[in-house]
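Colleague: Please take a close look at one part of this model for me, and then set it in the context of the whole assembly. I would like a connected account rather than a list.

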2 protein chains.
Amino acid sequence: MMERLEELRLDEIHIDDGFWNFYRSVVRDRMLPYQWEILNDRVPDAPKSHCVENFKIAAGLAEGEYYGQVFQDSDIAKWLEAVAYALAGAELPELEAAADQAVDLLRKAQQEDGYLDTYYTIKEPGNRWSNLREGHELYVAGHMIEAAAAYYENTGKRKLLDLAVRMADNICRTFGPEPEKIHGCPGHPEIELALVKLYRVTGEKAYLDTAKYFLDLRGTDLSRERYEAEQKRPGFRHIFPEFEHLGYDNIQAHKPVRMQKKAAGHAVRALYLYSAMADAGVEAGDESLVEAAKVLFDNVVKRQMFLTGGVGSAADGECFTCDYDLPNNYNYSETCASVALMMLGKRLFQTERDGKYMDIAEQALYNTVLGGMSLKGTEFFYVNPLEVVPEQLAANRTLHHVLPQRRKWMGVACCPPNIARTVMNLGSYMYAKDPETLFVNLYVSGKTDVSMETGCARLEMRTGYPFEEQVAVKVTTAPGTRMRLAFREPGWTRIREVRDAVHGRTIPVKRERGYLYTEILPSGETAELSFCIPLRERWMQANPRVPFDAGKAALMRGPLVYCLEEADNGKNLAKIRVDPDCKAVPGPDIPGGERSIPSLKAQAFRVSETEEEAWLYREFREESLEPFEIRAVPYCMWNNRGVGEMRVWLPVVRKTGACNICRG
Amino acid sequence: MMERLEELRLDEIHIDDGFWNFYRSVVRDRMLPYQWEILNDRVPDAPKSHCVENFKIAAGLAEGEYYGQVFQDSDIAKWLEAVAYALAGAELPELEAAADQAVDLLRKAQQEDGYLDTYYTIKEPGNRWSNLREGHELYVAGHMIEAAAAYYENTGKRKLLDLAVRMADNICRTFGPEPEKIHGCPGHPEIELALVKLYRVTGEKAYLDTAKYFLDLRGTDLSRERYEAEQKRPGFRHIFPEFEHLGYDNIQAHKPVRMQKKAAGHAVRALYLYSAMADAGVEAGDESLVEAAKVLFDNVVKRQMFLTGGVGSAADGECFTCDYDLPNNYNYSETCASVALMMLGKRLFQTERDGKYMDIAEQALYNTVLGGMSLKGTEFFYVNPLEVVPEQLAANRTLHHVLPQRRKWMGVACCPPNIARTVMNLGSYMYAKDPETLFVNLYVSGKTDVSMETGCARLEMRTGYPFEEQVAVKVTTAPGTRMRLAFREPGWTRIREVRDAVHGRTIPVKRERGYLYTEILPSGETAELSFCIPLRERWMQANPRVPFDAGKAALMRGPLVYCLEEADNGKNLAKIRVDPDCKAVPGPDIPGGERSIPSLKAQAFRVSETEEEAWLYREFREESLEPFEIRAVPYCMWNNRGVGEMRVWLPVVRKTGACNICRG
């Protein structure tokens, strides 16, 4: 019998953290209001969203034409979900008023039978559910449901939940195994995990059943027959003609989900699907679904993931490709795909209690997900390369999908609100609990009030993670509370000991699957624990089967991947060579406009300029290398100082004894 | 006053060479008959050509629809040109009959006023010259003219030349500075160099004037006005909507040609243009045109050329990109572009007498041009990558333009006949002369009869080049003949001495700009010279500004680039490391089906299999390397033993003293 760890309520978690206060206030105070302006088309020079306007038209409150992607509705849904998390335990009257206004509008646009999708309502009212492969109605519905559950859980307001319930009821009436229902599943998974979430919130088993129906049907002959029948409908037209050449693997419909062993197809779709498999599997007691999700997770993280926690190696199809195909400069690594990888990691951790899943969630979060936003909070990356030479991006259209700088908004705007909802939902990644264990996954300062089965406790954490190593934890348990703590020990380090900070004693802990479990803490008392998470500046290496990283090394410290930028290291970053025997050490903080950017420095080398202009190829000579102190910045903070080159993986040269820094 | 070296007549050059007999007989006896069958749509399972059929329809000999690219006519033109060269001094009755039949057909399809283009004749008879940017009529005409000149020069038959003259007269009546003529130039250069060639054959200065008119007009506001006016014509449609986003630089119309300093745009177009600039410049005595071509050549070979003599880094636009953008696995390097680079190199050598130009022509020829054909002669590459992992090509559509194996034919079939005409026209690259100097550029065994200003001579050469180093030259001059020889000394080696093979004496030579000039040879005597061209197995290095080759080395011997193939070195070629201190040496011949493939071997290293499956990233450790003897084959012969990985640039590791081969 599988058991799932429970998340804490977000209003129990009071974050007050050096690193996260910055990012969360940027998202809360700047990004979310900005996105509302965008959704209302009030930001000059930004691409048109029309998202709110579409709802007004669908509600009969405005006249006009639908504009935008077929899934444009999902932008406001993810924004609402983000606002919901922001409102947990916080007073944000303007944002809340905007959100309530949005909910009212959504309600007005909802059809009498619960259906809500402005594209089909405005443009093709007779064609509901006629193009499951591309129509994205169920995808949009899923985000509405996720938003509704979050809005209800964090504000107590039911209006959006009621809307979602009517919508979900419509879906459950429409899809299922019964002969009169549609036997089909969506081209873009999302509804499945949303229905499980709605089941958890409402207890209505029909939602779980329908989620499981979609999962069980996917990849069967029957599911593909539906797609094929759709295309034979008179008047059928492709919504995405540019994806017509892609096979069923792109929508994970090439095989029944339990038979899928390698991550395939559109990366966001894949990871939303695998997340739903974990969700539905644990709720329905179907281990085969969870096991299948675990196999797929392993394939992703052992074969198809960039060091930055980015996934999706191909632009065309925005998809997984094959094992070890991890190109640094023409990858896709959509921001949303790393959000989805965090979602999968959290879910598998919750069923497996294994720290390796949260290691990956953390890697995706601190690198690609945060890297998807500027430090201002108003510019966004969709594609997250590990190597950029701006001149090449401009000149070689093979790289057309890679941009050298974040944009104010995009025509396909899935990523910006996905970042927002993830950052505002940080608490759900920080902690989880079973009846007597509180799992601590992310190291973030603040106060948390947690109810355990036998009582409650307050946990206070102080840390400068991910830049500093010390963690201090003060836990006060109410009398009678049985509670132990399980601290995640990141796979890249070893926590030397957990100490009683008052008496200086070492606290006995049990190491198990990536966690340090304390014993049951004395109830009705305050314990003060402290430990060090050695951040360990470390040179990383990729599996030799990754051709793109052969002979190279990349720098990490703690969960952060570091990169070199032209701003600090000059042009032609490819001329820099590193020797992993030269240890990197913290360097100065660099002004980053919105916040300072901590750096690492290391003794390295750079090919000297001598004669280099004059030739393109020559006979091999030992390169004439000059000592060159590199300055590396966290990957998540790159491109906050103008356009320039950036590079994560650096060619290695061995120069025994040549290091000034690590010997000095 | 510039002077241009003269080419020899092909029938003066009797090639009888170990290396070239193979390639030339494959082309003559297999490829040319095969291509005739293709052009007649008689090869099962090959893509339809319809080229001959289009001419039949245009001539009123058949009914049907036009099929193929707008420039489909050029396929037969280049084939005819290749056959013309093949017929020089050779009896090939079947091929000649087919060619004569083709010429008759072309004549029947030619319009009364000299116009010939089956696309416009069949499909858009009212729209001649209405789409200069995309219509390719002048491009097709240029290839017809080149074929006609070659057919006349090598067979003495005038029919095709007469056709070309009528066609050229039509063009000269249509285009020019006079008010009543069209003020425009073609989107695809080719007519310019063809008109200069026709001028040389016929002495008619109008052809040179029109060529120069096109060159002088190109890139001016006036030339662009014409393109813009064309698009405003009622009923205008784009022939290549997929290229609509490309700018004027793609067709080298962004600037007047003399102001172009960096190679830009479609690589074949660019190099045909620069060739025409050299041609027209020298004939018209316009040094500024030749100087501009030299600057552009230098940019290509010092900034934008692959080691294999491939050019064109981007698939979209098939174009040059920016300096040092030389990706090995998503490059384009169209076979035709390397043919065009040879053409430019030959022309600049002929005006400049500098061996560096022929070095590049040789590099393009022996690597990418020959690599464009299979050893069977019936399969062809359009794109020539330097690194292939077949699984990645299948899975990641960013690489969709790169194929892991040659094809029987293509929908755009410019490359196959371009290879054929180049191989059959080898003689034009081998020699050139001024009144008393015979320049020897390529080392190819055989007998050559050459007329100098003062008499004639016979030169016999014996060599195993490019695999063997010795060259023996026997020259017999007629009495009174003043003649010296100039042997090209490839830039990658140093010819130690030229010896009198009979008496063993060293012959005095003067080194100048890449050539060893003998003194005037005694007339009426036979001289026997011999020398050694050290082929020098050598590890090459790219400029450190080329990010893709940082920390890597590639193997060359003589003019040949070598590569590793999976067939000889196993899968995961990226796991191989080389130490340039370990010298490569000749290895065994490898059975290649049609001929044996000479190999090189070198002590190298391979990352050991230990645990490699289990991880994707880990902390840097010195790689556990196993000694591994690599086997490298000439790049031009890759992919003749099935589909597999291939790699030119190999990561370097320094392992002083670890070599078994070079110390043994």
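Modeller: Leaving aside its neighbours within four places in sequence, Tyr152(B) touches Lys157(B), Arg158(B), Leu161(B) and Val201(B). This is a predicted model, and the contacts of Tyr152(B) should be read as part of that prediction. The residue itself belongs to helix 6 of chain B, which covers residues 137-155. Its relative accessible area is 26%, and because buried means under 20% and exposed means over 50%, Tyr152(B) is classed as partly exposed. For a sense of distance along and across the fold, Arg107(B) lies 45 residues from Tyr152(B) in sequence, while their C-alpha atoms are 15 Å apart in space.

Turning from the residue to the assembly, chain B can be superposed on chain A with an RMSD of 0.0 Å, by means of a turn of 180 degrees and a shift of 0.1 Å along the axis. The two copies are therefore related as by a two-fold rotation axis. Within chain B, the C-alpha nearest that axis belongs to Thr398(B), at 3.3 Å from it. Both copies use the same surface, in that 100% of the contact residues of chain B recur in chain A.

As for confidence, the predictor assigns the complex an ipTM of 0.96 and a pTM of 0.96. For chain A the mean pLDDT is 96, with 98% of its residues reaching 70 or more.

Note on methods:
Residues are numbered from 1 along each chain as its sequence is written. Chains are lettered from A and ligands numbered from 1 in the order in which they are written. This is a predicted model: local features need pLDDT of at least 70, side-chain atom pairs count only at pLDDT 80 or more; totals for chains, interfaces and linings use all residues. Side-chain values use heavy atoms; hydrogens and water are left out. Helices (H or I, at least four residues) and strands (E, at least two) are DSSP runs, numbered from the N terminus. Buried means under 20% relative accessible area, exposed over 50%, partly exposed in between (1.4 Å probe, protein chains only). Contact means heavy atoms within 4.5 Å. Copies are superposed by least squares on the C-alpha atoms of residues with pLDDT of at least 70 in both. pLDDT is the predictor's confidence in each residue, from 0 to 100.
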